[in-house]
Amino acid sequence: MNRLILCSLVLLSLKSIAHDGEDHRHLDPALIRNIFQSYNVEFSACYQKELDQSKKSFDFSSKVTFTIDPDGATQDVKFDDSSKADGIMNVQKCIASITKGITYPKPSRGKSITVSQPLNFKAKN
């Protein structure tokens, strides 16, 4: 059985969708990071499930990007890579499903925010 040994949710890049070129950081990046990281167990379970079903070990490293809309709902979840490997695709689908269910506080200026978060999982045989 493969075991999950490392899950890294280290950096958070927060960019506002602003049409006037201004930086609208109207939701605290630390708050977003804390909320996102509170789902670490669920994200890890997505990876662990695929490891347990896989005949070989694989690492997962990707950047998830999503939008927090003016109501605090999460939308437009995407990954920086589009691997066609079944295990990777299943991990991405699982993480995307969880991410779409996360609700954040409403941005104070009522504008959508784009967030990018790296995810890294490594397996140990």
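In the predicted model, strand 3 and strand 4 form a hairpin in which 5 residues lie between the two strands. Within the turn, Gly 72 has a positive phi of about 90°. The two strands pair in the antiparallel sense, and 4 bridges join strand 3 to strand 4. One of the bridge partnerships links Val 64 to Phe 79 in strand 4.

The hairpin belongs to a protein whose secondary structure comprises 3 helices and 5 strands. Read from the N terminus, the order of the elements is β-β-α-α-β-β-α-β. Of the 125 residues in the protein, 40% are buried. The protein exposes about 7,000 Å², and carbon and sulfur atoms supply 49% of this area. Among contacts with a separation of 6 or more, 79% are made by residues 24 or more positions apart.

The largest nonpolar core contains 27 residues, and the members that touch the most others are Phe 60, Ile 95 and Tyr 104. Two or more residues are given to this core by each of helix 1 (29–37), helix 2 (40–53), strand 3 (60–68), strand 4 (74–79), helix 3 (86–100) and strand 5 (113–124). When residues up to four places away in sequence are not counted, Phe 60 touches Tyr 47, Phe 79, Ile 88, Val 91, Gln 92, Ile 95, Leu 119, Asn 120 and Phe 121. Phe 79 thus appears twice in this description, as a residue touched by Phe 60 and as the bridge partner of Val 64.

Aromatic side chains were examined next. The structure holds 8 aromatic pairs. In one of them, the ring centres of Phe 36 and Phe 43 are 4.9 Å apart and the planes meet at 35°; the pair is therefore tilted, because this angle is neither under 30 degrees nor over 60. Tyr 39 and Phe 43 also form a tilted pair, since their planes stand at 40°, with the ring centres 6.5 Å apart. Phe 36 is buried, its relative accessible area being 0%, and Phe 43 is likewise buried at 0%. Tyr 39, by contrast, has a relative accessible area of 25% and is partly exposed. These three residues join Phe 66 and Tyr 104 in one aromatic cluster. Tyr 104 is also one of the core residues that touch the most other members.

Contacts between helix 1 and a later part of the chain were found at Ile 35. Ile 35 is found in helix 1 and counts as buried because its relative accessible area of 19% falls under 20%. Apart from neighbours within four places in sequence, Ile 35 is in contact with Ile 102, Thr 103, Tyr 104 and Pro 105. Ile 35 and Pro 105 are 70 residues apart in sequence, yet their C-alpha atoms are 9.9 Å apart in space.

A search of the whole structure finds 1 disulfide. This disulfide is formed by Cys 46 and Cys 94, whose sulfur atoms are 2.0 Å apart. Cys 46 lies in helix 2 and Cys 94 in helix 3, so the pair ties together parts that are 48 residues apart in sequence. The torsion about the S-S bond is about -65°, and the disulfide is therefore left-handed. The two cysteines differ in their exposure: Cys 46 is buried, with a relative accessible area of 3%, whereas Cys 94 is partly exposed, with a value of 29%.

Methods: Residues are numbered from 1 along each chain as its sequence is written. This is a predicted model: local features need pLDDT of at least 70, side-chain atom pairs count only at pLDDT 80 or more; totals for chains, interfaces and linings use all residues. Side-chain values use heavy atoms; hydrogens and water are left out. Buried means under 20% relative accessible area, exposed over 50%, partly exposed in between (1.4 Å probe, protein chains only). Contact means heavy atoms within 4.5 Å. Accessible areas come from the Shrake-Rupley method with a 1.4 Å probe; for residues, only the protein chains shown count as cover. A nonpolar core is a set of buried Ala, Val, Leu, Ile, Met, Phe, Trp, Tyr and Cys residues joined through side-chain atoms within 4.5 Å. Rings of Phe, Tyr and Trp (its six-membered ring) pair if their centres lie within 6.5 Å; planes under 30 degrees apart count as stacked, over 60 as edge-to-face and the rest as tilted. Two strands pair if DSSP finds at least two bridges between them. A disulfide is a pair of cysteine sulfur atoms within 2.5 Å.
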